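Biologist: Could you pull up the model and walk me through it?
Modeller: Here it comes, and then you can ask what you like.
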Amino acid sequence: MGKVMIFDHPLIQHKIGIIRNKETGAKEFRELVEEISMLMCYEVTRNLPLEEVEIETPIAKAKVKTISGRKLAIIPILRAGLGMVDGMLKLIPTAKVGHIGLYRDPETLQPVEYYCKLPCDIEERELILLDPMLATGGSIIAGIQFLKDKGAKNIKVMCLLAAKEGIEAVNKEHPGVDIYAAAVDEKLNDHAYIVPGLGDAGDRLFGTK
């Protein structure tokens, strides 16, 4: 079973509180999503392997640590996942970025793929799948399956808010995938929105309705 990590850091919780507020405008919302993603990235990448290399400082030779050959890729689920990319790239600027386009059918509530563009060596990379909201889990489950179908073997999920139903669904369908979330909310409403949540993350990021 994949692990589930919920972030309790005061800075993350403070910023999550601000993006929940319906009075927070698109500009501030985007900036905060980027900041939260960057803070979460610090922990999501904690287990990257290191190796020792020798460099020369202005004073003397020294042995230092460097990330050991692990290739990373960030895969946002369009469109809301795009808001999390820049924060991640600030810490891991050499990571490749793929994209998966999904929308939720309003009648069946099932995810429908309309775009998928991934790094060609995806089977060699550690992948971080990004989506601000883990509600029913449908989009993330589908996104993980797309990655597995392309040969991916090492996948993590990173979201801002999650519902317990979504976490359980992902764990059931993809038990080896770790989930990282800034907060877990109490339930889903009849329209499969997270309650209390923060509304539609894509609309709030890009100022649409």
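Modeller: What follows is a short chat about strands, a helix, an aromatic pair and a binding site.

Biologist: Before we start, what am I looking at?
Modeller: This is a predicted model, in which local features need pLDDT of at least 70 and side-chain atom pairs count only at pLDDT 80 or more, while totals for chains, interfaces and linings use all residues. Residues are numbered from 1 along each chain as its sequence is written, and side-chain values use heavy atoms, with hydrogens and water left out.

Biologist: How many residues of strand 8 are buried?
Modeller: Six of the six residues in strand 8 (125-130) are buried, where buried means under 20% relative accessible area, exposed over 50% and partly exposed in between, with a 1.4 Å probe and protein chains only. R125, L127 and L129 lie on one side and E126, I128 and L130 on the other. Strands here are DSSP runs of E with at least two residues, and helices are runs of H or I with at least four, numbered from the N terminus.

Biologist: And which strands does strand 8 pair with?
Modeller: Strand 8 runs parallel to strand 4 (71-78), joined by six bridges, and parallel to strand 10, joined by five bridges; two strands pair if DSSP finds at least two bridges between them. I75 stands opposite L129, and K156 in strand 10 is the bridge partner of I128.

Biologist: Switching topic, any aromatics? Which residues form the aromatic pair?
Modeller: The structure holds one aromatic pair, and it is formed by F7 and Y180, 6.3 Å centre to centre with 45° between the planes. That makes it tilted, since ring centres of Phe, Tyr and Trp (its six-membered ring) must lie within 6.5 Å, and planes under 30 degrees apart count as stacked, over 60 as edge-to-face and the rest as tilted. F7 sits in the loop between strand 1 and helix 1 (10-20) and Y180 in strand 11, 173 residues apart, and both are buried.

Biologist: Now the binding site: where does UniProt place it?
Modeller: The unreviewed UniProt entry places a "binding site" at I194, G199, D200 and A201, although such annotations may be inferred rather than shown by experiment.

Biologist: Are G199 and A201 buried or exposed?
Modeller: G199 counts as partly exposed because its relative accessibility is 35%, whereas A201 counts as buried because its value is 6%.

Biologist: What does A201 touch?
Modeller: A201, in helix 6, touches F29, A80, P132 and M133, not counting residues up to four places away in sequence, with contact meaning heavy atoms within 4.5 Å.
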